[in-house]
Amino acid sequence: MIRFENVSKVYARSTRPALSDINLEIERGEFVFVVGASGSGKSTLLRLVLKEEGVTQGTVLVAGQEVGSLPHRKVPRLRREIGTVFQDFRLLPNKNVYQNVAFALQVLGRSGHAIRQVVPETLEMVGLEGKEKRLPHELSGGEQQRVAIARAFVNKPPILLCDEPTGNLDPTTSLDIVRLLDRINRTGTTIVMATHDDDIVDQLRKRVVELKNGHIIRDENKGVYGSGS
Ligand SMILES: Nc1ncnc2c1ncn2[C@@H]1O[C@H](COP(=O)(O)OP(=O)(O)OP(=O)(O)O)[C@@H](O)[C@H]1O
């Protein structure tokens with residue numbers, strides 16, 4: 001589903017590579033935690049998948065398509081295949097819960113009929129039924145993140161990229177959010193989650209890819225946050 005072949009990324013005005021010679025294969029339906037210290041390259045890895053940044057060397061493939069050679073006009077189609085969830089939720093502040101999620105489908109040109117069917121289903125799945133009319137500032141952080149997840153998932157993308165989705169949440173709420181992501185993963189969605197949250201990684205026991213200074217130093221199934229070495 002996602003493949004990195006000998007990928008390096010050096011940002012402009014930077015001497016040290018953010019990623020160096022990364023080889024990584026993530027199969028359809030996997031749940032992968034990407035861990036590592038601040039600056040180790042986690043966000044850069046996600047940005048390359050989205051073509052928010054280009055590679056300096058190597059190849060990134062998403063669903064068999066080479067992202068680097070994708071013409072600009074095809075980037076929106078790539079991004080439709082990939083839901084994104086961030087630490088800071090990024091909700092539209094003047095739209096209510098329902099509208100935030102519906103908007104993601106409106107921009108894809110979905111019919112009103114389809115939207116009226118799928119938005120309530122998705123809000124129920126993430127546990128927000130009854131809160132449709134609330135504005136983001138009337139929700140807790142955990143609820144706001146549920147809206148963001150509903151919005152990312154409402155068009156059923158095959159891939160969900162999550163960059164520190166629990167970074168602003170307390171431990172109990174964080175665990176609820178990751179359990180929700182786990183449930184979404186069980187519907188067949190591939191999930192890649194960059195995180196600093198050791199408790200979450202240790203509890204979920206998924207595949208763990210650890211980055212250090214832009215290198216993969218560990219890739220372990222049913223892994224824990226620290227290598228224990
Ligand atoms: N736009 C940019 N221009 C120049 N250097 C950048 C840019 N974005 C990131 N970097 C550098 O690339 C390296 C990797 O950064 P990245 O954001 O991928 O790390 P990270 O593991 O996601 O960190 P954090 O956990 O703090 O979010 C760092 O050295 C960072 O300073």
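**Exercise 1. The ligand shell**

Determine which residues surround the ligand in this predicted model, and how they divide by class.

*Solution.* Begin with the residues themselves: the ligand is surrounded by Tyr 11, Ser 14 and Ala 18, together with Gly 36, Ser 38, Gly 39, Ser 40, Gly 41, Lys 42, Ser 43 and Thr 44. Next, sort this shell by class, which gives 2 nonpolar, 8 polar and 1 charged residues. The count of nonpolar residues rests on Tyr and Ala being placed in that class, whereas Gly is counted as polar.

**Exercise 2. The sheet of 4 strands**

Work out the strand order of the open sheet of 4 strands, find its edges, and state which helix lies across β1, β2 and β4.

*Solution.* Step one is the order, which reads β2-β1-β4-β5 with antiparallel pairing. The edges follow: β2 (19-26) and β5 (65-66) each pair on one side only.

Step two concerns the partners of β1. Strand β1 (residues 2-9) is joined by 5 bridges to strand β4 (residues 57-62), and the two run antiparallel. Within this pair, Arg 3 stands opposite Leu 61 in β4, and Glu 5 stands opposite Thr 59 in β4. With β2, β1 pairs in the antiparallel sense over 5 bridges, and here Phe 4 stands opposite Leu 24 in β2.

Step three adds the helix: α1 (residues 42-49) lies across β1, β2 and β4, and runs at about 120° to β1.

**Exercise 3. The sheet of 6 strands**

Describe the open sheet of 6 strands by its order, its edges and the turn between neighbouring strands, and then place helix α5 on it.

*Solution.* The order is β6-β7-β8-β3-β9-β10, and the pairing is mixed. The edge strands are β6 (82-86) and β10 (215-220), each of which pairs on one side only. On average, and with direction ignored, neighbouring strands of this sheet are turned by 15° against each other. Helix α5 (residues 141-153) packs on the sheet, where it touches β6 and β7 (159-163), and the direction of α5 makes about 165° with that of β6.

For the pairing at one edge, consider strand β9 (residues 207-212), which 5 bridges join to β10 in an antiparallel arrangement. One facing pair in this arrangement is Leu 211 and Ile 216, the latter in β10.

**Exercise 4. Two partners of α5**

Decide how α3 and α6 are each oriented relative to α5, and identify the residues that make each contact.

*Solution.* Two packed helices are described by the angle between their axes and the distance between the axes.

Take α3 to begin with. Helix α3 (residues 97-106) and α5 pack at an angle of about 25°, with their axes 8 Å apart. Angles under 35 degrees count as roughly parallel, and α3 and α5 are therefore roughly parallel to each other. The crossing in which α3 passes α5 is right-handed. On the α3 side the contact is made by Val 97, Asn 100, Val 101 and Ala 104, and on the α5 side by Val 147, Ala 150 and Arg 151. By class, this contact of α3 with α5 has 5 nonpolar, 1 polar and 1 charged residues.

Now take α6. Helix α6 (residues 171-186) packs with α5 at an angle of about 15°, with their axes 10 Å apart, and α5 and α6 are therefore roughly parallel to each other. Their crossing is right-handed. From α5 the contact uses Gly 141, Gly 142, Gln 145, Arg 146, Ile 149 and Phe 153, and from α6 it uses Thr 173, Asp 176, Ile 177, Leu 180 and Ile 184. The residues of this contact of α5 with α6 divide into 5 nonpolar, 4 polar and 2 charged.

**Exercise 5. The crossing of α3 and α4**

Classify the orientation of α3 and α4, and give the classes of the residues in their contact.

*Solution.* The axes of α3 and helix α4 (residues 112-125) come within 10 Å and cross at roughly 130°. The two helices are therefore oblique to each other, and the crossing of α3 and α4 is right-handed. Helix α3 contributes Val 97, Tyr 98, Val 101, Ala 102, Leu 105 and Gln 106 to the contact, while α4 contributes Ala 114, Ile 115, Val 118, Val 119, Thr 122 and Leu 123. Sorted by class, the contact of α3 with α4 has 10 nonpolar, 2 polar and no charged residues.

Note on methods: Residues are numbered from 1 along each chain as its sequence is written. This is a predicted model: local features need pLDDT of at least 70, side-chain atom pairs count only at pLDDT 80 or more; totals for chains, interfaces and linings use all residues. A residue is near a molecule or strand if its C-beta atom, placed from the backbone, lies within 6 Å of it. Two strands pair if DSSP finds at least two bridges between them. Axes are lines fitted to C-alpha atoms, for helices over the stretch in contact, and angles run from 0 to 180 degrees between N-to-C directions. Two residues are in contact if their C-beta atoms, placed from the backbone, lie within 7 Å. Angles under 35 degrees count as roughly parallel, over 145 as roughly antiparallel, 65 to 115 as roughly perpendicular and the rest as oblique. A crossing is left-handed if the near helix is turned anticlockwise from the far one by less than a right angle, and right-handed if clockwise.
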